[in-house]
Each structure stands twice: as C-alpha cells, then as structure tokens.
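The following exercises are to be worked with the sequence and the coordinates at hand. Each task is followed by a solution in steps.

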Amino acid sequence: MAGESTGAIVTAAGANLAIAVAKFVGAWLTGSASMLAEGVHSVVDTADQGLLLLGLKRAEKPADEAHPFGYGREVYFYSFVVSLLIFTAGGLYSIYEGIGKIRHPEETGDVDLFGLHLPGIAVNLAILAFALASEGYSLFTAYTSLPKGSGSPLSTIRRSKDPSLFVLIAEDTAAVAGLVLAALGVGLSALLGLPVLDGAASIGIGVLLVAVAFFLLIETHGLLIGEAADPEVVEAVRALALAEPSVRHVNEVLTQHLGPSDILVNLSLDVADDERGGDVERLATRLERELKRRHDKVRRVFVEFQSGPASRSADRDG
C-alpha cells in the first residue's frame, strides 16, 4: 500500500505543478480572480504532496532508543499539517481574493499572444480544460490505489489508516470540483458581463477547500492521537485466542495503529489455573507468531495473563 500511495502522490505532484504554472499564466494574462485562486490551490496541492512524501519517507525510519515503536506516526503528523495548509493557504486565500474581486470587479481582458488576439474566456477555459484532464487522471490513479472490495470510496476513506492516500483523494476531488466552479465563474462572468461572478466562483472554491480541510483535520486527528485496528481484526484476535484450549477468558484486546501498516496488539488472557509456566510461555509465543502470520500489519504483540472477572462465566463455557 505504501508503494501504491507513493506512486499516486508523485503522479499528482507532477500534474499539479504543471497545472499551477498554466493557471498563473492564465490569471496574469486575463486578470481572472478564480484562475488566480485555482493557481494558488494547485501550488498548495503540490506543496502538500511534497509533505506527504516527506512523511512517508520519515515513517520508514527504524525504531531507536528514543522512539522504541518506530516513526510510523510521522505520516499522520504531516497529513495533519497538509490539512492545515489546505484550510489556510488554499481556502482562506481564495475567499479573500474572491471578496476583493466582488468589491472591485474587473472584466476579464483579452490576450494578445504570438501575434494572435484571443478572448480571455477562451484562454482561461482552455487552461481549465487542460487542468481538468490532468486532475481527472490524478484522481483516477488515486482511486485505483484504494483497496478493492472494501465498500464505497467514502466508507473506505473513513476506515483507511493510510492518510497519504485519502488526503490525496480528497485533494484531487476538491480540485476537480474547484475547476468546475472556476469554469462556471469565468464563463458566466464573460457571457453575462458580470465580473462579480468570477469573484463569487473564487469564494466558492475557498468554501469548498475549507470544507475538505475540516474533513481531513477530523480524520487525521483521530489517527494522530491513536486509533484502534478495524473491528474485524480485533474479533479475529479474540477468536484466535479463544481457540486455545487453555484459555478460559479473553479479558481485553487492545489495539492501536502506530502507522498505516503497523498495528500493536495487547492481549490480556485468563488461562486455566493448572497451566505450567512453560506452557504459558509457549502459548504466548504461539499466539504472537500466528497473529503476525495471519495479519501482516500486526507488528508487535504483548500477551499478559490475569484472572478474569470472578462474577463472569468463562467465554468458553458461556
């Protein structure tokens, strides 16, 4: 999954860099506020993808004395920073630029380029069409990196523990929607002679980015402070422990994602009172080995043995 995420991010970064240049050229030539907002949006997206790549790289650092569980959460931290950038540098700037355009509306100017006199609307729409094709391809690449057979894209994103992928999908989705808004703003302002619509489109783009940023902040915040593994994994751990004849009761199954592909499992068991120390040690070793074999994301397993609640029947008997 990490390799697929990296490939999708590199594809998106390359596309966004080219798109940003094209949008800024269009904004400079025609004076369009929505094109300028879209140019800033693409620059922010490119910087965001650079931060995601940095997070993925730092997350690969091996564990050391200061960080005995490794650096897997680096990708969560940088994804959180990306969400803040989308909110501030992308969303708020676009709203600010749009308000300024509404207060001081200016018609989109025509362009004299290489001896040709071109309508400003034609230049902007051509650039937006190029950007839409590039962003659409980037979004398709990101969607194909999602796990297959895991439900709708939204439910998959909500359950995903790989923010580098779902941040990219959210960014690309917002980019495609923003391009549609920019095209409407540029087109309607020129056709109706109402340049304020260009500013309104810029505000719409900003509101869209703020909404996406809030969604990502909520998702990455949960991962940053520590989320449990999927319920299916927790139940599989419980079932595996109960399959051992000497296990009377599973007291607790505590799990936490230390990274997109790094799950810590803490298992508390009540075993038969007549079990010998050597048998208990072999049980712990057997459970650890089997959990890691069945679930490749389980990297650390801690098994502790405690008496179960006296008032509760054993799982095996109940």
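**Exercise 1. The nonpolar surface patch**

Helix α6, spanning residues 163–192, contributes 6 residues to the nonpolar patch, the most of any element. The model under study is a predicted one.

*Task.* Determine which residues form the nonpolar patch on the surface and what accessible area they have together.

*Solution.*
1. The patch consists of I102, L132, V180, L181, L184, L188, L191, L192, L194 and V196.
2. Together, these residues have about 830 Å² of accessible area.
3. One of the members, L181, is found in helix α6.
4. The relative accessibility of L181 is 31%, so this residue counts as partly exposed; the class lies between the limits of 20% and 50%.
5. For the setting, consider the surface of the whole chain: about 15400 Å² is exposed, and carbon and sulfur atoms supply 63% of that area.

**Exercise 2. The open sheet**

*Task.* State the strand order of the open sheet of 3 strands, and identify which strands are its edges.

*Solution.*
1. The strands are arranged in the order β3-β4-β5, and their pairing is mixed.
2. The edges are β3 (247–259) and β5 (298–305), since each of these strands pairs on one side only.
3. Averaged over the sheet and with direction ignored, neighbouring strands are turned by 15 degrees against each other.
4. The mixed pairing can be resolved strand by strand. β3 and β4 (residues 262–271) run antiparallel and are joined by 10 bridges, with T255 standing opposite V265 in β4.
5. The connection from β3 to β4 is a hairpin through 2 residues.
6. On the other side, β4 pairs with β5 in the parallel sense over 7 bridges. Here L267 has V303 of β5 as its bridge partner.

**Exercise 3. Cover on the sheet**

*Task.* Establish which strands helices α8 and α9 lie across, and how many residues of β4 are buried.

*Solution.*
1. Helix α8 (residues 231–242) lies across β3 and β4, and runs at about 145 degrees to β3.
2. Helix α9 (residues 277–294) lies across β3, β4 and β5, and its angle to β5 is about 155 degrees.
3. Of the 10 residues of β4, 9 are buried, and the strand is thus mostly covered.

**Exercise 4. A buried serine**

*Task.* Decide whether S134 is buried or exposed, and name the residues that it touches beyond four places in sequence.

*Solution.*
1. S134 has its place in helix α4 (residues 120–144).
2. Its relative accessible area is 16%. Because the class "buried" requires a value under 20%, S134 is buried.
3. Leaving out residues up to four places away in sequence, S134 touches A15 and I19.

**Exercise 5. The chain as a whole**

*Task.* Give the number of helices and strands and their pattern along the sequence, then the share of buried residues and of contacts between positions far apart in sequence.

*Solution.*
1. The chain contains 9 helices and 5 strands.
2. In sequence order, they follow the pattern α-α-α-β-β-α-α-α-α-α-β-β-α-β.
3. The chain has 318 residues, of which 45% are buried.
4. Among the contacts with a separation of 6 or more, 74% are between residues 24 or more positions apart.

Technical notes: Residues are numbered from 1 along each chain as its sequence is written. This is a predicted model: local features need pLDDT of at least 70, side-chain atom pairs count only at pLDDT 80 or more; totals for chains, interfaces and linings use all residues. Side-chain values use heavy atoms; hydrogens and water are left out. Helices (H or I, at least four residues) and strands (E, at least two) are DSSP runs, numbered from the N terminus. Buried means under 20% relative accessible area, exposed over 50%, partly exposed in between (1.4 Å probe, protein chains only). Contact means heavy atoms within 4.5 Å. Accessible areas come from the Shrake-Rupley method with a 1.4 Å probe; for residues, only the protein chains shown count as cover. Patches are made of residues with over 30% relative accessible area and no salt bridge: like charges are joined within 9 Å, nonpolar side chains (Val, Leu, Ile, Met, Phe, Trp, Tyr) within 5 Å. A salt bridge is a side-chain nitrogen of Lys or Arg within 4 Å of a carboxyl oxygen of Asp or Glu. Two strands pair if DSSP finds at least two bridges between them. Axes are lines fitted to C-alpha atoms, for helices over the stretch in contact, and angles run from 0 to 180 degrees between N-to-C directions.
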